[in-house]
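Biologist: I would like to learn how to read the architecture of a model step by step. Could we start with the general picture and then turn to one sheet?

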Amino acid sequence: MIKAENLVKQFGSSRAVSNISFQVKEGENLILLGTSGCGKTTTLRMINRLIEPDSGSIFLNGVDIRTQQPEILRRGIGYVLQNHGLFPHYTVAENIAIVPRLLKWDTETIRKRADELFDKLKLDAALKDKYPTALSGGQQQRVGLARSLMVNPPVLLMDEPFGALDNLTRINIRKEFRMLDELVKKTIIMVTHDVQEAFEMGDRICLMDKGEIQQIGTPEELLFHPANDFVSDFLNEQRLQLEFKSVLLKEVLPEVEEDLSVWDKMEALLQNKNSQSDEVTLDQLMGAFSRFKKQNNG
Ligand SMILES: Nc1ncnc2c1ncn2[C@@H]1O[C@H](COP(=O)(O)OP(=O)(O)OP(=O)(O)O)[C@@H](O)[C@H]1O
Ligand SMILES: [Mg+2]
């Protein structure tokens, strides 16, 4: 669906992105992960032509994006900016109506779609008449997402979509987003510097450093088969929790059918401490996880 080949971008004498290549399949969620300044935003903005690479190519459904007018290209690509990017002098309703208006949607269609998204994103309809500065950080972030989803683009680029939020709000919003039907089928490239977030939300993770890809793979591949010391060092501090998040319950307990990570199951078990109905206890789960780890770490 999206194919980036040998992207290079230089700003003056400093190289923001050197020779980056990756592919994203339809419906996949690829995370660009890395510390501040490693080139994540630059990479993302080349995909919707807000930045033109010095060399290299990007193909969307096999078509070189340079052959398309940027305005037309961007209609099929939703973009959630770092720090939400809402226009302060427009109301929320005006902000989210910008692209639909360009596409000549009538007022009623815009209103219906906005109501639908507000409902799904748990935003109070009364916020529509307010200006972005009157909203909390979490509300602004949700409005930013609503705006990017209005015309239902098949591709979504998200730059630190939860960046402005406190840790607890982040964790909760992340969970909601993972289950949001509007996002499940989309092809998503999401930027974050938060390792836990990357492991919860990504089908695959592209770990970058100084403008280069260090490794691109599934969370499990990065954890259990790191390409180099940078990758293993980057993950080491939070390794145990990441392992719980990346390993699926059915990998450690094949007889259990549930489609959850070990982490999700641990949380569920802790929340229903007294329930007798579960077929597995926390102790059994931990035992099975240790056996799984022994097999995988050799
Ligand atoms: N317009 C620009 N002009 C000059 N240098 C730039 C420009 N945009 C980015 N850079 C530089 O390119 C490098 C990569 O920037 P980029 O914004 O892609 O990083 P990032 O990984 O998104 O960082 P952060 O996590 O802080 O958002 C940085 O060193 C940055 O200073
Ligand atoms: Mg950035």
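Modeller: Helices (H or I, at least four residues) and strands (E, at least two) are taken as DSSP runs and numbered from the N terminus; by that rule the protein chain has 15 helices and 10 strands. This is a predicted model, in which local features need pLDDT of at least 70 and side-chain atom pairs count only at pLDDT 80 or more, while totals for chains, interfaces and linings use all residues. Residues are numbered from 1 along each chain as its sequence is written, and chains are lettered from A and ligands numbered from 1 in the order in which they are written.

Biologist: What share of the 298 residues of the protein chain counts as buried?

Modeller: A residue is buried if 20 or more other C-beta atoms, placed from the backbone, lie within 10 Å of its own; in the protein chain 35% of the 298 residues meet that criterion. Along its principal axes, the C-alpha trace spans about 60 × 50 × 30 Å.

Biologist: In what order do the strands of the open sheet of four lie?

Modeller: Two strands pair if DSSP finds at least two bridges between them, and here the order is S2-S1-S4-S5, with antiparallel pairing. Strand S2 (14-24) and strand S5 (63-64) are the edge strands, each pairing on one side only.

Biologist: Over how many bridges do strand S4 and S5 pair?

Modeller: Strand S4 (residues 55-60) pairs with S5 in the antiparallel sense over two bridges, and Phe59 stands opposite Asp64 in S5.

Definitions and conventions: Buried ≥ 20, exposed ≤ 12 C-beta atoms within 10 Å, placed from the backbone.
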